[in-house]
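Let's sit down with this one and learn to read a ligand site together. Have a look first, and then we can talk it through.

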Amino acid sequence: MCGIVGYLGEQQAYPILIEGLKRLEYRGYDSAGVALQCAEGMKVIKAKGELSALEQKVGNGAPIGHMGIGHTRWATHGAPSDANAHPHCGCSEDFAVVHNGIIENYLFLRNWLEKEGHRFASETDTEVLAHLVEHFYHGDLLQAVQKALEKVRGSFAMVVMCDKEEDRLICVRKDSPLIIGLGKGENFVASDVPAILNHTRKIYILEDGDLASITPDSVEIFTPSGDPLQREAIEVNWDAVQAEKGGYPHFMLKEIMEQPHALRETMRGRLLQGGREISLPELEMNPQELRNISRIYIVACGTAYHAGLVGKYAMERLLRLPVEVDLASEFRYRDPILDENTLMLVISQSGETADTLAALRLARKQGNKVLALTNVVGSTVAREADNVLYTWAGPEIAVASTKAYLTQLLSLFLLTLYLGKARNLLSRSDLENFGKAIFALPGQVEQVLERSEEIRELAEYLAPWESTFFIGRNVDYAVAMEGALKLKEISYIHAEAYAAGELKHGTLALVVEGVPVIALATQMNVIEKSVSNIKEVNARGGYITCFAQEGTTELQGEADGIFYLPSAPDFLMPIIAVVPLQLLAYYVAVARGCSVDKPRNLAKSVTVE
Ligand code: F6R
């Protein structure tokens with residue numbers, strides 16, 4: 001996820017680009033850059049770090065020009081650096097490109113372009129776009145972009161500028177958002193509405209495959225093959241703050257709703273041929289090393305730790321390998337036993353959590369290789385680990401982690417299947433069936449999100465209580481822990497997660513008339529045991545809401561409410577089952593008037609031990 005802005009018209013472009021980028025910084029903030037068409041030629045300025053670093057670099061020497069493009073980056077290919085910041089140019093500075101998304105076949109294209117004589121200056125996938133356009137340019141930028149697009153696979157929104165064509169920007173949307181703002185004698189392009197709200201409220205929302213040619217006085221939209229299209233302009237009536245959140249009242253809700261997209265991005269290019277092939281080139285281990293693994297050790301904090309627990313169930317079940325999951329803050333003080341055949345995996349959304357980082361350093365000091373699962377390219381964890389598997393959730397702004405957790409789960413499942421295949425533990429048909437089930441997950445999460453009103457009703461019951469319980473057996477217990485943490489951290493209700501079978505060993509004493517109990521019962525191999533535990537709560541007057549797979553008949557008459565979830569193989573159910581719990585925490589926090597995105601006492605990135 002990155003932020004794109006473009007301007008052409010009567011005004012000076014530079015301040016408009018900077019103002020737009022400031023409003024898009026929530027989309028990425030590891031580097032920024034601008035390209036302007038100036039009297040003396042194209043001027044490109046880029047800087048690593050937040051937008052302020054770019055402003056400092058420019059100082060009083062802002063480039064003078066009436067057309068330009070700008071970008072704020074969320075690194076995917078290549079760590080944050082001046083060279084990897086956008087805009088990217090071809091061999092000459094005649095062409096500049098800003099891009100949001102991923103070019104899947106960029107390595108192939110880069111090799112081909114290098115053979116054609118092109119010289120690259122960055123590690124990014126984006127740079128191939130600039131060279132491709134340059135390669136195909138014969139006097140018409142629109143045609144050059146069209147030709148370039150025929151070669152490219154992936155998801156992207158991009159804006160291209162050419163110094164040889166005055167007052168013209170070409171933009172493209174495929175799977176990543178892009179809008180065009182309409183002014184009088186001036187036009188704008190942006191990834192999102194807030195970037196241009198101060199200038200116009202009249203916009204075109206480009207659709208997948210749309211190409212647009214923009215001048216200060218005109219906007220023409222085309223199909224990929226160049227046929228003209230009519231799109232209807234709409235009036236936006238959001239205020240600026242609302243717009244940054246895509247119209248949602250809080251980042252947390254926006255991020256919950258983004259989960260289907262985040263899942264699709266995380267599986268993109270990794271799960272191939274209907275699931276039969278899993279490609280994780282990031283692992284860089286030879287088949288013998290993969291077969292030698294005798295134990296897996298997962299270390300993380302908070303929500304990432306809960307993801308690790310879910311991973312343990314899947315890995316033990318499918319790989320028949322012992323898996324330990326440890327809290328990073330505990331791991332390093334108990335002299336952990338690691339040997340050369342232990343696969344050490346650290347999980348961290350931010351890649352900056354102090355305890356997780358300390359655990360990683362300790363393991364490496366002991367001579368172990370560390371695989372990191374993180375969401376932030378170029379983060380300290382990513383830099384210091386031996387191998388990195390990225391989750392492609394995009395920037396997570398709300399303190400309570402949601403979409404990062406879901407993509408961590410998906411990555412752990414992909415890793416499990418990858419290891420299972422490498423160790424000859426999964427048959428072709430297993431892989432095909434699991435692959436199909438994984439491809440279905442984003443749509444199934446969408447189905448749950450569409451029913452958020454039902455969860456809001458449950459939240460109304462829960463909101464006045466000061467104590468609640470989440471119970472589950474098997475991997476449902478791990479999901480219960482995540483559900484309880486979400487509720488605690490943003491609604492300040494005391495929530496305790498319990499292995500359902502353990503309740504009667506003490507905690508059942510706290511269940512009295514009306515006490516809300518959230519029961520997860522998605523694991524079909526223990527469904528009868530789960531029903532027994534739910535009966536125990538029912539008999540004490542607890543107010544039970546169950547989450548179970550559709551088609552589960554065993555729970556009827558046993559609970560005050562049953563929310564049936566779309567069905568999946570048991571080990572994948574956490575991805576679906578946690579979503580209503582995230583929504584529940586969200587709606588309860590809203591009902592209690594809590595500060596959802598910035599809960600008291602907490603910070604997004606915990607860089608102290
Ligand atoms: C809870 C939450 C935290 C983080 C934890 C680890 O919603 O977000 O529990 O999961 O602080 O953070 P990362 O994953 O950045 O290492």
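**Reading the ligand site**

Q: Where should I start with polar contacts to the ligand?
A: Start with the side chains that place an N or O atom close to a ligand atom, and keep in mind that this model is predicted. In the side chain of Lys486, an N or O atom lies 2.9 Å from an oxygen atom of the ligand. For Ser350 the corresponding distance is 2.6 Å, and for Thr353 it is 2.4 Å.

Q: How much of the ligand's accessible area does the protein cover?
A: Compare the ligand on its own with the ligand in place. On its own it has 410 Å² of accessible area, and the protein covers 90% of that.

Q: Which residues come nearest to the ligand?
A: Ser348, Gln349, Ser350, Thr353 and Glu489 do, out of 13 residues around it. Sorted by class, this shell holds four nonpolar, seven polar and two charged residues.

Q: Which helix supplies the largest share of the shell?
A: That is α10, with three residues. Both α10 (302-319) and α17 (475-491) contribute at least two residues each.

Q: Is Thr353 buried or exposed?
A: Here a cut-off helps: buried means under 20% relative accessible area. Thr353 has 14%, so it counts as buried.

Q: What surrounds Thr353?
A: Place it in the fold, then list its neighbours. Thr353 sits in the loop between β20 (342-348) and α12 (354-365). Leaving out residues up to four places away in sequence, Thr353 touches Cys301, Ser348 and Val606. Its side chain also makes a polar contact of 3.5 Å with that of Ser350.

Definitions and conventions:
Residues are numbered from 1 along each chain as its sequence is written. This is a predicted model: local features need pLDDT of at least 70, side-chain atom pairs count only at pLDDT 80 or more; totals for chains, interfaces and linings use all residues. Side-chain values use heavy atoms; hydrogens and water are left out. A residue is near a molecule or strand if one of its heavy atoms lies within 4 Å of it. A polar contact is a pair of N or O atoms within 3.5 Å; within protein, one must be able to donate a hydrogen and the other to accept it, and residues adjacent in sequence count only if both atoms are side-chain atoms. Accessible areas come from the Shrake-Rupley method with a 1.4 Å probe; for residues, only the protein chains shown count as cover. Helices (H or I, at least four residues) and strands (E, at least two) are DSSP runs, numbered from the N terminus. Ala, Val, Leu, Ile, Met, Phe, Trp, Tyr, Cys and Pro count as nonpolar, Asp, Glu, Lys and Arg as charged, and the others, Gly among them, as polar. Buried means under 20% relative accessible area, exposed over 50%, partly exposed in between (1.4 Å probe, protein chains only). Contact means heavy atoms within 4.5 Å.
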